[in-house]
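Visitor: I'm new to this one. Could you show me how to read it, feature by feature?

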Amino acid sequence: MKVFFFLCIIFVSTSLQSKAEEKEITLWVSNGNIAKILNEIAQPFNKKYKVTISAATVDNTVEQFKTNALGGKGPDVIVWAHDIIGTLVESGLITSVEISPSVRKEIFPVALDAFTYNGKLYGYPYNFEHIALIYNKKLIKIPPKTFEELLKVAQNFTKNDHYGFLFPVNDFYFSYPIFKAFDVYIFGPNARDIGLNSKRAIEAATYIKSFTIPPKGSGEKTLMPIDVDYNTMMRFMITGKLAMMINGAWSLPKLQAAKIDYGIAPIPTIRGKKALPFIGSYGFYVSRMSTHKILIKTFIENYIYQDDALIRLYKEERRAPAIKTAYNKLKDDPIYKADLEGFSNAYVEGAPMPNVRTMASVFGTMKTTLSLITRDKESVSQALNRAVDVIKKSSRN
Amino acid sequence: MKVKSKKKITPYCYLFFSIVSFLLLIVYPLLYTFYISLTNLGTGHILNCTEAKKIILEEVIYPDNAAILDFNILEKNNAFILYMKQSERKAYQIFLPRNTQTEEILTGTQISIDEYKKLSSCKNTATSEQFIEHLTHLERTTFQIENRIYKLTSLTTLSEVQKRYKELNTSTIIDTKTNSTYQPDFSTGYFETPSGDRLLPGFVTRIGFQNYLNFFKGTSFGIPFLKIFLWTLMWAAGSTISAFIFGLILASLLSSQTIYGKKIFRVGFLIPYAIPVFLSAMVWSAIFNFSFGPMNKLVSYILHIKIPWLLDPLWAKLACLMVGLWVGFPYMMLICLGLIQSIPQDLYDAAKIDGAGFIHRFTKITFPSLYKPMLPILIGTFAFNFNNFNLIYLFSGGNPPMVDTNTMGGETDLLISYTYKLAFGPSGSNNFGLASAIAVIIFILIASMSIFNFKISGVFKEEESL
Amino acid sequence: MLNRIKKKSIAICSNLILLFFLLIVLYPVYFIMITSFESSDTLVIEFSVQNFSLDNWKYILGIDYINTVTQEVVRSPYPFIIWFKNSIKIASITAAIVLFICTLAAYGLYRFTFFGKKYFLISLIILQMFPSMMGMVALFLLLSKLGTFFPWFGLDTHAGLILTYLGMTPFFIWLTKSYFSTIPKSIVEAAMIDGCKEFTIFYSIILPLALPMLVVIFILVFITVFSDFVIPSILIKDPKLLTFAVGMREFISAYDIRWGKFAAATILGGLPIVIIFMITQKFLVQGLTKGSVKE
């Protein structure tokens, strides 16, 4: 009995917690360090307007957002990549936003593009990123400009537990540039037109297949192990046993920690055509249920879109700021100059990842499809045809 | 008389808390999930009809040459005055009572430029805190000046807007731009025109058994479902039984006299269970990595080949069973350790005197005594492993993928991970209603199997006699 | 003499076999351990540490340290120690309450027959087979409604979380009842002859005899609750109230699993369970029915 009462007391005391203040604007971020920085940026705003902006770290942010919406609850703002727009808009969960013209012209068009859906802007972008060729300067002095050159160089390096070139071939996000260089489109002008099983797509997929399974009689070595994935690539790069990889800026801190002298270059061209990667952009989405839309707009335009705030966020995430002035400041900074320059060309010529709802299906389906192709479990044309069938089916929902 | 009535109530007293928690936490979610399975809840259908309509009606467009007015605020007599200048000749003021209702339309009146100048020289400019207090109301208020509608677009500006959609009557919406009329369609969950054009967002609606029908008709059913069902059965039975046998043997070894360091062994063997599954699954995934995993390093050292653990259907299934055993046996061992305590030591002593060896004592004393109490636990563990999403999804992800079907099912997928992929996976329909329907189907399957198991093992008959 | 040698050799053999199994079983655990000491945040699958460092541990324990590359002070933004305490608190309270409910219910089922007993038993175990993942929306809504009436039990509270976990009781009720059934009826009959009230029989006789199984249930519930991350991640948002398992998920993102810190967090998380088990072992292994009733 005593134990029971004791338990009851603990029980009760844990439940007595003070409720949050009324004027609270909640932001959900999935990265705790970013949440910390946002809270610090919000301090002067909180003081001035007597509100509390608090950023919370929430894992699996978008799913949580959706579940909470079912119960009529949720944050005012979530921070996430632009590709989720389609889902959020179609569920009626976010509201369209306006950016004051004076601020808007300072933002890179590609970032604004990424957050535009059905002609309207649905989020406040604050950075963008894409993948590029990252190479070990100790092993490669001058990065190859064409893919043909790259493969030749890679052949020389691939021996004795060392690799010349690795990247997650089965991940469509990484192999898309190769498809792009072969002029493959994902979504055609007509909604039912998916270009992933066209003749050119088959060529592109066959080209990718040759990395893990060299064509018979070519005398080439296998460049990549059949189950190559992101972790394998990073492990070899960090231990200095990999000459070149395709990756994004988020991996740079790990390379630095492992004391790898790395260089960044654009993804080499294939048969003269540029292999442009997807541009990804992160931004702030405003929940439809939020009652503080104007305060949020004020906060973002006057506090987040400031150079020092964006530079702080850059140092943490390594994603280039979407505001031109902040970007240029970083480019002038000797520490970050080389990194940013290595990535720069795609910002001008690249296009954002499509933000329609079907895109998620494209990624998932292509992952399975490419893994079957690169392991030679299915013929290229059959696998791609099946993939397009599945994608079309899922887009009908 | 008193004793009798007490006897009737007493069992319910003891069972009270369990009945309450049972109803609240098991029966209610089950019924609610069944209810959801009769709707089309999912992406694009999260709000109800009224809310969806509200959002659609709230949508505003900016007309060409929309007027933008910058305003300032004054505080006067416990109310606010917004005043603004449109041009050198026109100025307006809007009177803002302290308790503005959201649905109100506030009308602005024109004032002369002199009055404007007088207001701007007034000393009681409202502080931003006071204004912000009302910001939430103001954001939804509509302002009307000279037949134009304005909305608050920043802390200092009003912009002219135009409502895109108007409500004709309680169920029709008309688009002012295109003049098409939309009505709510309760079978698809959208506001639609007769020709089928839809308005976003959609809403949740009850669709009866549509989800179930779609599932049975679709290509997700059929052969892949059957294959996955069979594997799920094999997996649940295999991992449960192997864990039970291994756990039981360990438990009896660790309860016998002849082992040294029993304590250390017991703690050591518990550790796989103490590590959260979502970590051990990922570590095991790395261990079974084809090219670089230590498992294949060992195998290639002995047999000079590398086994395609997670790449080949058969080997992947074997790997899953191995990991299932590793994760599951401590639990069984623990329960058996507890149950073995109920066997009187005298039985073992007598057996030893009679010269029975370890194996004999095990098969004739330990196993028969534990069999009856363990049955419900085994059946329960079978059900748990049947739905063990965590382990399979994190370890193999359902891979390797099935080649001969048009769905994204995998060779090691369980019914529940397949459901997850169908409903929430990247190529899935993001349809929670469908997922709930499949969950109900899975539940009916496994419940009937378990009832059957219980009947043939005679567990319930035992209970009656107590 | 020969018998003794035979016995000794069997004993040594069995010990060796057990040791062999133990090493195999702890093989992955070894990897997790050395990964936690590895500075490059990758999963170590070689047999020794490549770059030894205590940084991961410092990060988890909230101790500041200096990042050797950027020369900046690194402080974890996550209050791991708080989460650790939260998890222990929630897991222990849940286990205690589950034991409370279970023992009472199991006793009721063991001692009495009443209308609908058979169906109640059946439905207890069958209905629990419903995949709890799908019931999350229902539980979320339940807690949010409950929170508007009783703020103690709403979303984002520990009490609400514990309430959710009580859904695992039916299974343990079965387990406890099974164990009660192995207690010889003669003891209970003897007590009734002596004129004991029901509750006394429950409290003074059945409970102590069932102690090994109660310990098992406590440990099982503790482990299940402590390692669970699905439910707290949906129901709790306040960073001060999060649990350890959810916190560990911070280290896993699509491309960047920070193995070192993840491994250190795991080992820290495994400690309470191991300690509890070491303490409660002796309750587990007492043959308490010895000689209590002459058959």
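Guide: We'll go from chain shape to domains, then cores, then single residues. Keep in mind that this is a predicted model.

Visitor: Let's start with chain C. How many helices and strands does chain C have?

Guide: Chain C has 13 helices and 2 strands. For its outline, picture a box of roughly 80 × 75 × 30 Å along the principal axes, filled by the C-alpha atoms.

Visitor: What radius of gyration does chain C have, next to a compact globule of 295 residues?

Guide: Such a globule would come out near 19 Å, while chain C has 24 Å. Even so, 59% of the 295 residues in chain C count as buried. And among its contacts with a separation of 6 or more, 67% join residues 24 or more positions apart. The accessible surface of chain C is about 12,500 Å², and carbon and sulfur atoms hold 69% of that.

Visitor: Which domains is chain C divided into?

Guide: There's domain 1, residues 2-74, and domain 2, residues 80-284. Their C-alpha centres lie 30 Å apart, and each domain gives 14 residues to the contact. About 1,300 Å² is buried between domain 1 and domain 2 of chain C, 77% of it on carbon and sulfur atoms.

Visitor: Which three residues of domain 1 supply the most of the area it buries against domain 2 of chain C?

Guide: That's C:Asp41, C:Tyr59 and C:Ile60, which supply 45% of what domain 1 buries there. Chain B has a domain assignment too: domain 1 (60-163), domain 2 (166-208) and domain 3 (218-430). The centres of domains 1 and 2 of chain B are 34 Å apart, taken over C-alpha atoms.

Visitor: Now the cores. What is the general idea there?

Guide: In soluble globular proteins, nonpolar side chains tend to be buried together. Here, the largest nonpolar core has 212 residues, and those with the most contacts inside it are B:Phe269, B:Ile335, C:Phe172 and C:Leu235. Helix 3 of chain C (residues 80-111) gives this core its largest share, 18 residues. Apart from that core lies another, of 92 residues, including A:Ala42, A:Tyr303, A:Tyr314 and B:Phe80.

Visitor: What does B:Ile335 touch, leaving out residues up to four places away in sequence?

Guide: In chain B, B:Ile335 touches B:Met374 and B:Ile377. Over in chain C, B:Ile335 touches C:Leu175, C:Met213, C:Val216 and C:Leu220.

Visitor: On to single residues. Is B:Gly44 buried or exposed?

Guide: B:Gly44 counts as buried because its relative accessibility is 2%, under the 20% cut-off. Look for B:Gly44 in the loop between helix 1 (2-37) and helix 2 (49-58) of chain B. Leaving out residues up to four places away in sequence, B:Gly44 touches A:Glu90, A:Ser91, B:Pro201, B:Gly202 and B:Phe203. B:Leu200 is 156 residues from B:Gly44 along the chain, yet 7.6 Å separates their C-alpha atoms.

Visitor: Which backbone angle should I look at for A:Asn118?

Guide: Look at phi: A:Asn118 has a positive value of about 55 degrees, although it is not a glycine. A:Asn118 is in the loop between strand 4 (116-117) and strand 5 (120-121) of chain A, and A:Asn118 is exposed, at 64% relative accessible area. A:Asp183, also not a glycine, has a positive phi of about 70 degrees. You'll find A:Asp183 in the loop between helix 8 (172-181) and helix 9 (199-212) of chain A, where A:Asp183 counts as partly exposed at 41% relative accessibility.

Notes. Residues are numbered from 1 along each chain as its sequence is written. Chains are lettered from A and ligands numbered from 1 in the order in which they are written. Side-chain values use heavy atoms; hydrogens and water are left out. A nonpolar core is a set of buried Ala, Val, Leu, Ile, Met, Phe, Trp, Tyr and Cys residues joined through side-chain atoms within 4.5 Å. Buried means under 20% relative accessible area, exposed over 50%, partly exposed in between (1.4 Å probe, protein chains only). Helices (H or I, at least four residues) and strands (E, at least two) are DSSP runs, numbered from the N terminus. Contact means heavy atoms within 4.5 Å. Domain bounds come from an automatic or database domain assignment. The radius of gyration is taken over C-alpha atoms; the globule rule is 2.2 Å times the number of residues to the power 0.38. Accessible areas come from the Shrake-Rupley method with a 1.4 Å probe; for residues, only the protein chains shown count as cover. Buried area is the accessible area (1.4 Å probe) that two parts lose on being put together, summed over both.
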